[in-house]
Amino acid sequence: MSKIFVVSAPSGAGKTTVVRNVLEKFPEITFSISATTRSRRDFEVEGVDYFFMSENEFKKKIDANEFVEWETFYGYYYGTLKSFINSEIEKENSVLLEVDVKGAVKIKEVYANAIMIFILPPSIEELQKRLLKRNTETEDDLQKRIERAKMEIDFQDHFKYKVVNDDIERAREQVYNILKSELIKEK
Ligand code: 5GP
């Protein structure tokens, strides 16, 4: 039986590093590749990190009802494709989605058994430091992301599991243990 895992975290909480690394240990869990209209960062790969598309293309997919859920942040669209999730479920693979808190709540409405995991930064100050270090945002975007992070942290009670990313190794281990124990439950 497929399991749906949903991981949310404020941008800069270190979610991508934690998740990608842990997923390498679970070939039976597929990372859900979202569609987005934001531009590709240097290290990102089309069809691996996201399906990058124009706003026009994205809006056509909204009209054609091709998304399980979609959201806009910072003027960009992000969405989970029904076709992607359904084809993994058909193959009996489990799926892990990395979406924002509002998207996570919507996923839970569609897939009631979704296992919700929240990754928290140790503090807002630490989050700010990490975003500055990443240096992928303009000053204005950075401020918006920090404000948004504060709002997202307020959503944490919607999540079954909470992992504080104060130590990357420990956070990875905790996420690993959550996935492992939830996968075993089906047997
Ligand atoms: P970033 O631009 O840093 O990759 O992502 C910005 C935010 O969009 C993150 O909180 C990320 O989890 C979220 N996100 C990525 N894909 C999706 C999606 O398909 N749906 C929703 N609702 N959020 C997404």
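User: What makes you say that the ligand sits in the largest pocket?

Analyst: The ligand sits in the largest pocket, which means that more than half of its atoms lie within 2 Å of the pocket's grid points. A pocket here is an open set of points on a 1 Å grid over the protein atoms alone, with protein on both sides within 12 Å along at least five of seven lines. The model is predicted: local features need pLDDT of at least 70, side-chain atom pairs count only at pLDDT 80 or more, and totals for chains, interfaces and linings use all residues. Residues are numbered from 1 along each chain as its sequence is written, and side-chain values use heavy atoms, with hydrogens and water left out.

User: Which residues come nearest to the ligand, and which strands each supply at least two residues of the shell?

Analyst: Of 16 residues around the ligand, the nearest are Ser 34, Arg 38, Tyr 50, Glu 69 and Tyr 78; a residue counts as near if one of its heavy atoms lies within 4 Å. Strands β5 (67-73) and β6 (76-81) each give at least two residues to the shell, a strand being a DSSP run of E of at least two residues, numbered from the N terminus.

User: What makes the pair between Tyr 50 and the ligand a polar contact?

Analyst: The cut-off for a pair of N or O atoms is 3.5 Å. A side-chain N or O atom of Tyr 50 is 2.5 Å from a ligand oxygen, so the pair qualifies. Asp 100 has such an atom 2.8 Å from a ligand nitrogen, and a polar side-chain atom of Arg 41 lies 3.3 Å from a ligand oxygen. The protein buries 95% of the 510 Å² that the ligand exposes when taken alone, by the Shrake-Rupley method with a 1.4 Å probe.

User: Why is Glu 182 called buried?

Analyst: Its relative accessible area is 3%, and buried means under 20%, exposed over 50%, partly exposed in between (1.4 Å probe, protein chains only); therefore Glu 182 is buried. Glu 182 belongs to helix α7 (residues 168-184), and its side chain makes a polar contact of 3.1 Å with that of Lys 185. Beyond four places in sequence, Glu 182 is in contact (heavy atoms within 4.5 Å) with residues including Lys 3, Phe 5 and Tyr 161.

User: Why is Ile 62 called partly exposed?

Analyst: Ile 62 has a relative accessible area of 22%, so it falls in the range between buried and exposed. Ile 62 lies in helix α2 (residues 55-63).

User: How do you know that His 158 is partly exposed?

Analyst: Its relative accessibility is 46%, so His 158 also belongs in the partly exposed range. His 158 is in the loop between α6 (139-153) and β9 (161-164).

Note on methods
Helix = DSSP H or I, 4+ residues; strand = E, 2+ residues; numbered from the N terminus. Polar contact = N/O pair within 3.5 Å; in protein donor to acceptor, adjacent residues only side chain to side chain. 1 Å grid on protein atoms, 1.4 Å probe; cavity = no way out; pocket = protein on both sides within 12 Å on 5 of 7 lines; lining within 4 Å.
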